[in-house]
Amino acid sequence: MALALEMKGITKYFSSTDVQANDNVNLTVEAGEVLALVGENGAGKTTLMNILYGLIKPDSGEIFINGEKVQIGHPDDAIKNGIGMVHQHFKLVPSFTVAQNIILGMEPNKAGFLSPKEENKVVKELADKFNLPVDPKAQIRDLPVGMQQRVEILKVLLREAKILILDEPTAVLTPQEVKELMDVVRQLAKMGYSVIFITHKLIEVMEVADKVSVMRAGKNVGNKKVSDTNIPDLARMMVGREVLLRVKKDTIQRGKPVFEAKDVSVSDVHGLAAISHVSFNVHEGEIVGLAGVSGNGQTELVEVISGMRPLDGGNLYLNEQDITQANVRDRRNAGVAHIPEDRMEVGLNLQTNLDENLIISRYNQSEFSKFGFLLGKSISRFAETVVKSFSIAAAKPGEDISMLSGGNLQKVVVGRELSGQPSFIIANQPTRGLDVGSIEFVHKTLIEERDRGAGVLLVSVELEEIMALADRILVLFRGQIQGELDAKTATEEEVGILMAGGKLSDLQTNQAKSGKESK
Amino acid sequence: MKNKKLQKILDAILIPVLAILSGLVLMGIMIALTGKPVWESYGVLFSKAFGCEKASNCAIVTTLERATPIILTGLSAVVAFRSGLFSIGQEGQYLMASIAAGWLGYNIHLPNGVHQSVILVACMAVGAAYGFIPGVLKVKLGVNELLSTIVLNSIATLIIEYMVQFPMRADVSTTAHSPIIDETAQLPIFMPGSKWGVGFIIAVVAVILVFIYLWKTKSGYEQRMAGQSKRFALYGGVPSDKAAIRAMIISGALAGLAGAVEVMGVHRRIMTGFSTGLGFDGVTAAILGQTHPFGVFIVAILFAGLKLGAQLGLQLKLGIPRELGATIIGFIILFVAASKFYEGAIDSVRSWFTKSKKVKAKGGGD
Ligand SMILES: Nc1ncnc2c1ncn2[C@@H]1O[C@H](COP(=O)(O)OP(=O)(O)O)[C@@H](O)[C@H]1O
Ligand SMILES: [Mg+2]
């Protein structure tokens, strides 16, 4: 049987960024097969799929559908050939309904739109056929991300795609939504569809895919059956070297408290209580992991500690100095570093170059400005040092950063924040959206900082990350600290119970019960 | 490294250049539709804007004279825009400073050199004060600067008209104007027969100073960072509110300087109908000039030339209404706004270019 899709020798060079994004890439998919396409950020996955979907013209290469060579110069050609793509960033109209979005551009004739009733019926039938329930009348902007993604998938299915491209579909989903999506993908495969599933989370590859293609720096470095490979193997192919999926950490003696929050209360943007009466401290040489499901007050708490948001009550201390009223600059000068959860909007200014990004918290220091003038030479020297010591190969002093991959952008943030020996580091979701290689880098760096004697507050919704790094675990639930655990003895189960708002005693009684039952 | 910089500069001017070319092509089509000679029109437009008929009578000199206030109001807009403030208050600041220049020009009497300096400084102060108002309103009360500057512009237009008609009116017979300013208050002129003079030098110096200020000083850095990303500035500890107010003060001072130069160097008094939209021309020059001081400098000159050519060339020589000049400028703005239109073309040209370069480099290496 002919392959559903074959891409041969695809090559694409971007002159504007001087990147060989695809270098002689080959890829095959059969009907009814899920192919995972993995690779670090910037490996060229999206470029390859954009070529397949007719959004980018390759420099060379051929595409075959069901064994026949096709020319795809435009998404219309791709759709005609049964290829559909759900982009990393959705392309829905927020003020339209689900049905309107799905039908958009396919109205039966130019003059007449479908009546809303007919539209809803078409969508309803479609949704039933694929067992993907949606409310056709709901407005997109009212829907959670997972549901919006479902609408995108239905949109593609209505256009009779046989090959579905999902570009990093899980990056924006909650764990529950990820599970649902996986089921949908498996079901589509069973119905004979081919799915190309882009991700850099290797666990997902093992769960959902039949076959996996690994890309690195534009090259196709491996094609394997999922049953013939494993996560460490894939990680090695992706990164091109041995990767520690769980970094090594020695036990060290912690020092005196470096940061303390006393009875802190904060409201969110709507004036509702986001954090109420929270107290905790962080010692020198200690990583305190703040676990919790996202939206339980993490964002507000971090903004208050860093000085970006005023608090309603309570006090903050840094090295025994009261910093409750200090502004961001004073706190930073006093030794606070902050890796924010949103590196694109908060942590970096993508409209300017590397140097200006690196000095945002220190341009006032005499090393970087005198008599009101910026000292360009010392600034670029500093940029060179950061680039070298944090091996941010892709970033160059004086040049724009907007084209850097997520991993490299985060390296820029981490490099800036951890240069200059801060005494207290706030790391909020420091590895969100990063690939294994970059995660390893960030984890290693945070542990090095702890070993140097810094206090680290690690805020993360990834339980795995908390368990790997923290010395002490605090669990945040509905703006309060639900419990504290020693990381040496804590189990994932215990943290999970606290994250869900339960108490440790519940767990014990549960265990006692199940113990009895098993007897 | 050098190459990259050059590439960046080329990128920046490519779109305005293409837009201007498209605008000119469109002008040709419109002239053809009216049945006038197309090629001759182009010729006349350019010679009346940039040409030299006689050594003593160069159109370019007049163009530079007309460009001077546009350069300054353009710089004013650049400072505001780069700081994230969409202030279009240049016209109002310019008018208020013009009143100050006109008044100080005949009401105080100081030695040559001192008199002009005093007026220049005073005009900058008046412009700055008129820019400070929307700045403070924005920072303290969250009033949108676009709206407040529109209102302040109208107020300034009314004030200058009142001043010319009543308190500062020179005589009642002719059209209303204020008395001619003292000779000690006038800016020297380079060539008799035109008004091109020291004002232009002031504008050139301002271009350089604004560039240095925005990109080489701490304050300029703060303003640009706060302008590009409020969240980033907050995160890094940049005092954004101070930066915004400072931006409005500097922006106002530059527009005020334009008023001083116009009154002291060109009109030597203020008169009824003094507001001719030089402030808005500055906004346009800033947008076309990629909100960069050097871009503003070039665009302001092109702009002034186009207007002059349309007025002296098209209207007087060929009988084509000079409003066509304004229409072309309108089209050019439209083309810049639609710059996406060119991006595809630019990209393919460039990739063809680099590819051929690459091939050559490879060939040489083998
Ligand atoms: N339109 C573009 N212009 C220039 N460079 C691009 C463009 N799109 C992607 N790139 C570059 O190509 C490389 C591959 O990017 P991409 O395909 O998005 O990677 P991935 O999806 O694997 O993260 C990156 O280095 C990126 O900077
Ligand atoms: Mg991608």
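Which strand and which helix of chain A each supply at least two residues of the shell around ligand 1? In this predicted model, the two elements are strand S2, spanning residues 19–29, and helix H1, spanning residues 45–52. Of the shell around ligand 1, the largest share comes from H1(A), which contributes 3 residues. In total, the ligand is surrounded by 14 residues, of which Thr17(A), Gly42(A), Lys45(A), Thr46(A) and Thr47(A) are the closest.

Several polar atoms of the protein lie opposite oxygen atoms of the ligand. For Gly42(A), a polar backbone atom is found 2.6 Å from an oxygen atom of ligand 1, and for Gly44(A) a backbone N or O atom is placed 2.9 Å from an oxygen atom of ligand 1. Thr46(A) takes part through its side chain, an N or O atom of which is 2.6 Å from an oxygen atom of ligand 1. Of the 560 Å² of accessible area that ligand 1 has on its own, 74% is covered by the protein.

A separate feature of chain A concerns a charged residue in helix H5, which comprises residues 145–158 and includes Lys155(A). Lys155(A) is buried, yet no salt bridge is formed by this residue. The nearest side chain of opposite charge belongs to Glu152(A) and is 5.3 Å away, whereas a salt bridge is counted within 4 Å. When residues up to four places away in sequence are not counted, Lys155(A) touches Lys91(A), Asn101(A) and Ile102(A).

Terms used. Residues numbered from 1 in each chain as written. Chains lettered and ligands numbered in written order. Predicted model: local features only at pLDDT ≥ 70, side-chain atom pairs only at ≥ 80, totals over all residues. Heavy atoms only, no water. Helix = DSSP H or I, 4+ residues; strand = E, 2+ residues; numbered from the N terminus. Buried < 20%, exposed > 50% of the residue type's maximum accessible area, 1.4 Å probe, protein only. Lys, Arg positive; Asp, Glu negative; His and termini not counted. Contact = heavy atoms within 4.5 Å. Near = heavy atom within 4 Å. Polar contact = N/O pair within 3.5 Å; in protein donor to acceptor, adjacent residues only side chain to side chain. Areas by Shrake-Rupley, 256 points an atom, 1.4 Å probe, with all protein chains shown as cover.
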